[in-house]
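This report addresses charged contacts, aromatic pairing and surface charge in a single protein chain. The sequence and structure are shown here for reference.

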Amino acid sequence: MKVELLAATDDPEELICTAARNDYYADFVGEESFETVMESIDGDDIEAKKETLIGHLLSHGHFGPFEHPQVTFAVKGISRSCMAQITRHRHVSFDVQSMRYVAFDDVDPEDVREGEMVVTPPSASDPDWIGRNQKGGAVDEETVAEREEIFRESVTRSVEDYQRLLDLGMPPEDARFVLPIGTEVNMVMSMNARMLMHVADMRAAADSQWEIREMTEKVLDLAAEWCPITFDYYEQNMKNRKNRLAP
Ligand SMILES: Cc1cc2nc3c(=O)[nH]c(=O)nc-3n(C[C@H](O)[C@H](O)[C@H](O)COP(=O)(O)OP(=O)(O)OC[C@H]3O[C@@H](n4cnc5c(N)ncnc54)[C@H](O)[C@@H]3O)c2cc1C
């Protein structure tokens, strides 16, 4: 899995602060310098003032201003299962690679057996992996070897069957029905900073599945570079709050 930041609002925290100051500012923020707009906020310099205001907004649940900055990520190689989970978030915009127009006819089934094209869950090869809702705990090496063999056989056979159906002239949009839910997909997704925090509340949580959690952690790392004061505060003070819905 890979996550890259494709595009994002410049100076997101200047925008958040300007929007928030608008709410309590007698003059028009559209005609003032950022320094003037931030004059009454505590802090020795403009960075400290931004920290003060952003900390205040987040600690008071004033999340509206965080809806202005937008960010777009490109995600490579997640399973269709993970894609189904993340696309449940209705305030995120998505483009998802099509299995109708992208046919996996040139994929070598032997590469699939080696782990390409279909995401392999850690529980297929790690005897110590404990999943959510799993009955019992760790298993022995022999059991996990059998699991891995069944998993690899099954996904390889699916891809072989898919390719045979394509060879028989079946359209990719129909042949894809035999592909596993672990089949990799690439996607582009855009959201605002508030929504990113909401997605992280739900999807970086311990009860989310390992794959979407891994993707969300990568998204959070990139968000921390893009919007550092906000996501540092989030990491320190808000992460792991349980499914918080709204202010
Ligand atoms: C661990 C885990 C397990 C899950 N298991 C299942 C499952 O088994 N089956 C299943 O179907 N889903 C499951 N989900 C998905 C979950 O129920 C949500 O549908 C999904 O996470 C989207 O989040 P959201 O509801 O916060 O909505 P989002 O689309 O992210 O919207 C953000 C917020 O906007 C508000 N909002 C958006 N749309 C509306 C609306 N129409 N009406 C009122 N308020 C709205 C809500 O406050 C919402 O929280 C699971 C999620 C997690 C994290």
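The sections below treat salt bridges, aromatic rings, a charged surface patch and one residue of helix α6.

## Basis of the report

The coordinates come from a predicted model. Side-chain atom pairs are counted only at pLDDT 80 or more.

## Salt bridges

The count of salt bridges comes to seven. Side chains of opposite charge can pair when their charged atoms come close. One of the bridges joins the side chains of E47 and K50, with an N to O distance of 3.0 Å. Both residues belong to helix α3, which covers residues 46-59, and because they are three residues apart, about one helical turn separates them. With a relative accessible area of 41%, E47 is partly exposed, whereas K50, at 12%, is buried.

Another bridge is formed by E67 and R194, whose closest N and O atoms are 2.6 Å apart. E67 is located in the loop between α3 and β2 (70-79), while R194 is part of helix α8 (residues 193-203), so this bridge ties together parts that are 127 residues apart in sequence. The relative accessible area is 37% for E67, which is therefore partly exposed. R194 is also partly exposed, with a value of 23%.

## A network between helices α5 and α6

R113 and E153 meet through their side chains in a salt bridge of 3.0 Å, N to O. Since R113 lies in helix α5 and E153 in helix α6, the pair ties together parts that are 40 residues apart in sequence. Partial exposure applies to R113, with a relative accessible area of 24%, and to E153, with 33%.

This contact does not stand alone: E110, R113 and E153 are linked in a network of salt bridges.

## Aromatic pairs

A pair of aromatic rings is described by the distance of the centres and the angle of the planes. The count here comes to two aromatic pairs. In one of them, F104 and Y162, the ring centres are 6.4 Å apart and the planes stand at 50°, so the pair is tilted. The pair links distant parts of the chain, with F104 in the loop between β3 (93-96) and α5 and Y162 in helix α6, 58 residues apart.

F104 is buried, its relative accessible area being 12%. Y162 is buried as well, at 0% relative accessibility. The cut-off behind both assignments is a relative accessible area under 20%.

## Negative surface patch

A patch of negative charge on the surface gathers D128, D140, E141, E142 and E146. Among these residues, D140 is found in the loop between α5 (109-113) and α6 (141-167). D140 has a relative accessibility of 46% and therefore counts as partly exposed. This value is compatible with membership of the patch because patches are made of residues with over 30% relative accessible area and no salt bridge.

## A145 in helix α6

A145 has its place in helix α6. Its relative accessibility is 43%, so A145 counts as partly exposed. Along the chain, A145 and M191 are 46 residues apart, and their C-alpha atoms are separated by 41 Å.

Conventions. Residues are numbered from 1 along each chain as its sequence is written. This is a predicted model: local features need pLDDT of at least 70, side-chain atom pairs count only at pLDDT 80 or more; totals for chains, interfaces and linings use all residues. Side-chain values use heavy atoms; hydrogens and water are left out. Patches are made of residues with over 30% relative accessible area and no salt bridge: like charges are joined within 9 Å, nonpolar side chains (Val, Leu, Ile, Met, Phe, Trp, Tyr) within 5 Å. Accessible areas come from the Shrake-Rupley method with a 1.4 Å probe; for residues, only the protein chains shown count as cover. A salt bridge is a side-chain nitrogen of Lys or Arg within 4 Å of a carboxyl oxygen of Asp or Glu. Lys and Arg count as positive and Asp and Glu as negative; His and the chain ends are not counted. The place of a charge is taken as NZ of Lys, CZ of Arg, CG of Asp or CD of Glu. Helices (H or I, at least four residues) and strands (E, at least two) are DSSP runs, numbered from the N terminus. Buried means under 20% relative accessible area, exposed over 50%, partly exposed in between (1.4 Å probe, protein chains only). Rings of Phe, Tyr and Trp (its six-membered ring) pair if their centres lie within 6.5 Å; planes under 30 degrees apart count as stacked, over 60 as edge-to-face and the rest as tilted.
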